[in-house]
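Let's take a walk through this structure together, one chain at a time. Have the 3D view ready so that you can follow along.

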Amino acid sequence: MSESDVADAGFDEWLAAAAEGDAYYLECANGHGSLPPRRVCPDCGSTDIAEVELPETGEIRTVTVTHVPTPAFEEDAPYATAVVDFGPVRLTGQVVGIDVGDVETGLTVALEITTSETTGERVIGLRPV
Amino acid sequence: MSDVRVAGTGLTSFGNSPERTSRDLFAEATITAFEESGVPRDDVEAVLYGNFMGELSEHQGHQGPLMAEAAGVQAPATRYESACASSGTAVREAVKRIRTGENDVVLVGGAERMTNLGTAGATEALAIAADDLWEVRAGVTFPGAYALMAQAYFDAFGGEHEDLAHIAVKNHENALSNENAQYQRAIEVSDVLEAPPVSEPLGLYDACPISDGASALVLTSEAYAEEHDLEAPVAITGTGQGGDRMALHDREHLARSPAAREAGAEAYADAGVDAGDVDFAEVHDCFTIAEVLALEALDLEPLGEGISAARDGRTTADGETPINLSGGLKAKGHPVGATGASQIVEVTELLAGHHPNSDHVADATTAVAHNAGGTVASATVHVLEVDR
């Protein structure tokens, strides 16, 4: 967690765009997906990278319900964290709008930026559709 | 490639000593290592030291020279940070230095002070081994990341929490005779299953404890050991290192550890052995599921079958390939920066016949130490062999 109010360029713009429904991922000339900030494709080294619209929905690949959080999520626990496959790229986020005990692998979710109940910071959220 | 001799080993007890500084912990481990080795401090040409969270727990950077000083050694010193694989990485660098002839005698080890941070503070500190922007800020903790892998494993290969519980039971059993272990206490499968959840499916007894402790090794060249008539029957004969994408979500398979596979393959080839030659191993069981992933990455179990190894007795002290005879991270404890070198200490003692559990591996000649960082974005593997 950043100690100051200074933004993390690339990441904070992405969160802001995602909050407006304009989430994107980065795609290199060879079609590899990745997340910002990124100057070089981690798969192939291509520096030809462009922002591409993130698919509307993704599928949960694995999930855990965390009961012992870091201090930054003290008031949020228990919460479900999932790895979601959006096709060209995957994201890790918190599953919202569903009882944490009902979250399971294979569930289809859409990105929805939420806020931490502990810190008020923006958090990558995932809502079942 | 010439072998590297383990001339002396030292460990502190692992456990709960929040008031002790890491410089004090490391000093204690080095005193034992020097005494055992018979090597004078003046002969040390480099100090390689592993530590992960010193900035957070002790407000201390630049720890290399501090630790050389604590050990009473006048030699250039470097700190290695590679999360939980910090001192495994330091050992690998020491081996390479000795093999190239750059150094004949190296002091290598590590230390970590953690319990002074408390559970919440240590959880926060450990989490920095993950991608801060894309994992930690989404609420991923270190147990949470391994829980994600455990669930992915169950979905891919089957298995259940009870299978994992047998790993914790086994490692606690192995630690009963290890006086350096944090937990010298037997547990039962029901204890694991009934423990409070940390990150489901993992509970409190699936997780290694938060620990303070240090480890040290005096490593020498073959020539130095011969010239000085050292009693050093155990050699590091193979070393390997692997890497992977930082964030778990960027791995093709969420329930595999290719970095450990790469490190293992390199170490086996380097030593001229294969998985079938391994008589026993110390693997990085920071969580029960981590032992499963390690066994499969090292080819000690086929893919998808590591989950049943402890339950079916293949990896228990009397099994065909005993795993974590020290108690592992699970019961011995996991002072992060000390762990990699401490595994080499345990393997050396087991092979040399000096370990309380040596009787279980009396005829063993070849063993492996596997050290992993983060969700195994970093891994080192070492092969050790003993003269018999």
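The domain bounds used here come from an automatic or database domain assignment. Please keep in mind that this is a predicted model. In chain A, domain 1 covers 1-54 and domain 2 covers 55-129. The C-alpha centres of domain 1 and domain 2 of chain A are 19 Å apart. Where these two domains of chain A meet, domain 1 supplies 11 residues to the contact and domain 2 supplies 8 residues.

Look now at the side of domain 1 of chain A that touches domain 2 of chain A. The elements giving two or more residues to that side are α1 (11-19), β1 (24-28) and β2 (33-34) of chain A. Of these, α1(A) gives the most, with 3 residues. Sorted by class, that side of domain 1 of chain A has 8 nonpolar, 2 polar and 1 charged residues.

Chain B offers a sheet to explore. Here 9 strands form an open sheet with mixed pairing, in the order β3-β2-β4-β7-β1-β8-β11-β10-β9 (chain B). At the edges stand β3 (77-80) and β9 (280-282) of chain B, each with a single partner strand, so one side of each has no neighbour in the sheet. On average, neighbouring strands of this sheet are turned by 25° against each other, direction ignored.

Follow the edge strand β9(B) to its partner. It runs parallel to β10 (residues 366-373) of chain B, and 3 bridges join the two. Within β10(B), B:A367 is the bridge partner of B:F280.

Finally, find helix α4 (residues 86-99) of chain B, which lies across several strands, including β1 (4-11), β4 (105-112) and β7 (213-221) of chain B. Helix α4 of chain B runs at about 175° to β4(B).

Technical notes
Residues numbered from 1 in each chain as written. Chains lettered and ligands numbered in written order. Predicted model: local features only at pLDDT ≥ 70, side-chain atom pairs only at ≥ 80, totals over all residues. Contact = placed C-beta atoms within 7 Å. Helix = DSSP H or I, 4+ residues; strand = E, 2+ residues; numbered from the N terminus. Nonpolar A, V, L, I, M, F, W, Y, C, P; charged D, E, K, R; others polar. Pairing = 2+ DSSP bridges. Axes fitted to C-alpha atoms, helices over the stretch in contact; angles between N-to-C directions.
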